[in-house]
Each structure stands twice: as C-alpha cells, then as structure tokens.
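Colleague: I am new to this structure and would like a close look at a single part of it. Please take me through the nonpolar core and what surrounds it.

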Amino acid sequence: MVFRAFGHQPPLKPHLIGLTGGIGSGKSTVATMFSEFGVPVLDLDQVGHRLATTNDECLGYLVTAFGKKILQAEGSLDRKALAKHCFSDADETDRLNAIMHPLIWRQEEQWLSQQQSDYVIIEASVLLESGGAKRMNAVIVILADEPIRFQRVLARGRQNELDFRSILARQCDDSMRMQMADYMIENNGSLQQLRKHVLAVHRALLQSHGVESGKACGDPVQFVPKG
Ligand code: ATP
C-alpha cells in the first residue's frame, strides 16, 4: 500500500503571468502596481540589459556573432552600436534574439525557483514577438492609444520621436496583442483608474491561479477577462 506523505510534496511552481504592451503603454507602471500588491515581478528587458552589460559569457557570444565593433574602446558593450547593427536587419535581429533569449530564460528559471507566491508577473516588451508567451499560464496586455503613448514617452524624457517610431516599427500591433491576451488593461486614463483595473486583474488572477495551485483564494472576481 502506498501512502502520500503530507508535508513532503515538491513545492508548487508559481503560475507565470506575462505582462506586455507597446512602447509607452504603461507596462512598468502596471508592474510596479502589481509589486505593491505583493506580487513578485521580473522585468525581462532589464534582465537582457544586465546580461549584455555585465555577463562575460553573454558578451563573448555577442562579440563572436557581431564582431568587436559592438564594443567601446575599453572593452565593454556599446549598446547603441549593437542596436544600430542588429535592428536595421531582420536576420541580425534574429541572431541577437537567438543568443539572448536562452540566456534570459535561464535567468528567469533561476529567479522563478526562488519564488513562493501563487503567481508571478513576467514583464517583457516583446513577449509575443519572441514566442515567450508560450511559457506563460496567462498573458496581460496593456493597451493605450498611440498618441497618448507618444506623449507619455516624450514626457518621460528618455526617447525622442525617432526612437519612438523605430521601436514601434519593431513591435507587433495591438490587434495581434488583443488576440493573444487573456486579460486586457486599458491605460488611456488616470493612474488612479489604472490602479483600479490592476487590482481587479490581481483579484481575478488570485482566484484562477491561487485556487488551481491549492493556495490562497482572493476576493470574488471583479474583472471580466476578454471574451
Ligand atoms: P516602454 O515600452 O518604453 O518600456 P512602458 O510600457 O513600460 O514603456 P511606462 O514607462 O510604464 O511604459 O509608462 C510610460 C510613461 O507614461 C511613464 O513616464 C509613466 O509614468 C507614464 N504613465 C503610464 N501610465 C500613465 C497614466 N495612466 N497616466 C499618466 N502617466 C502615465
């Protein structure tokens, strides 16, 4: 006879909830709100930046693929040179992604193994374009009208119009995002309105992903997912 020993089950993995949207849609703002609700958040764009600038293995692969022209005089990565080289040519973009994505996913796995919550948020600007959505249990898409995104990005002060347009051209459009979305959050209004939407999605996620994992159950669902 076989008994199942309570207290000796392997730890349950948190559910992965992808968070994506176009440039300036409010991904980072929404991610911060989720983390204020106590949900662990991993920003894959930041992971990629960190790997490329601080990880010797990653830098080695990049130099082998693209040559020393992507390095600054003192040997560190010249991110502008890498972007200029890779983002003007689709094949080179694919090569860059083929190097970066497995390294990023390895970091994601390591981070995930340390998390104990019902669900975690994985923020990534190209989650859908990179095929990363397949690893997610559900996907949240942030939607905001392009003129509003443009104004917000310019007001943020990190990018100019040219940067905005070239990033926009490399990303998929909102109609594709909407097809892939399990939850959509509209962000054309105030931050206060946005926070209400995020809280509603948080509750819905706690209910669907907390119950399934046998852990916490949140308040009744107040947010109706797509469909
Ligand atoms: P990126 O695609 O560049 O990574 P993002 O999708 O992460 O951008 P955020 O950085 O969160 O977007 O938002 C863009 C700018 O708009 C930020 O300065 C943010 O503070 C501001 N913002 C986001 N949502 C709102 C809102 N509802 N009201 C006012 N400002 C907002």
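Modeller: Start with Ile17. Beyond its neighbours within four places in sequence, Ile17 is in contact with Tyr119, Val120, Ile121 and Ile122. Its contacts also include Met136, Asn137, Ala138, Ile140 and Leu205. Bear in mind that this is a predicted model.

Take one of those partners, Ile121. Ile121 sits in strand β3, which spans residues 119-123. Is Ile121 buried or exposed? Ile121 counts as buried, because it has 25 C-beta neighbours inside 10 Å, and 20 are enough for that label. Sequence neighbours within four places aside, Ile121 is in contact with Ile17, Leu19, Ala31, Phe34, Val39 and Val41. His15 is 106 residues away from Ile121 along the chain, yet their C-alpha atoms are 8.6 Å apart.

Now widen the view to the core. The largest nonpolar core has 43 residues. Ile17 and Ile121 are among those with the most contacts inside it, along with Val30, Val120, Ile122 and Ile140. Several elements each supply at least two residues of this core: the strands β1 (15-21), β3, β4 (138-143) and β5 (183-186), and the helices α1, α2 (44-54), α5 (90-112) and α9. Helix α9 gives the most, with six residues.

Helix α1 deserves its own look. Its buried residues are Lys27, Val30, Ala31, Met33 and Phe34. They lie on the same side of α1, because they cover an arc of only 160° around the axis. Two of these residues, Ala31 and Phe34, are also contacts of Ile121. After α1 comes Gly38, with a positive phi near 95°.

Helix α1 also takes part in the shell around the ligand. It supplies the largest share, three residues. At least two residues each come from α1 (27-36), α6 (146-156) and α9 (191-212). The ligand has 15 residues around it, and Lys27, Ser28, Thr29, Arg152 and Arg156 come nearest. By class, the shell has nine polar, three charged and three nonpolar residues.

Last, the whole chain. It has nine helices and five strands. From the N terminus on, the elements run β-α-β-α-α-α-α-β-β-α-α-α-β-α. The chain has 227 residues, and 29% of them count as buried. Among contacts with a separation of 6 or more, 70% join residues 24 or more positions apart.

Technical notes:
Residues are numbered from 1 along each chain as its sequence is written. This is a predicted model: local features need pLDDT of at least 70, side-chain atom pairs count only at pLDDT 80 or more; totals for chains, interfaces and linings use all residues. Helices (H or I, at least four residues) and strands (E, at least two) are DSSP runs, numbered from the N terminus. A residue is buried if 20 or more other C-beta atoms lie within 10 Å of its own, exposed if 12 or fewer, and partly exposed in between; C-beta atoms are placed from the backbone. Two residues are in contact if their C-beta atoms, placed from the backbone, lie within 7 Å. A residue is near a molecule or strand if its C-beta atom, placed from the backbone, lies within 6 Å of it. Ala, Val, Leu, Ile, Met, Phe, Trp, Tyr, Cys and Pro count as nonpolar, Asp, Glu, Lys and Arg as charged, and the others, Gly among them, as polar. The arc is that of the directions from the helix axis to the C-beta atoms. A nonpolar core is a set of buried Ala, Val, Leu, Ile, Met, Phe, Trp, Tyr and Cys residues joined through C-beta atoms within 7 Å.
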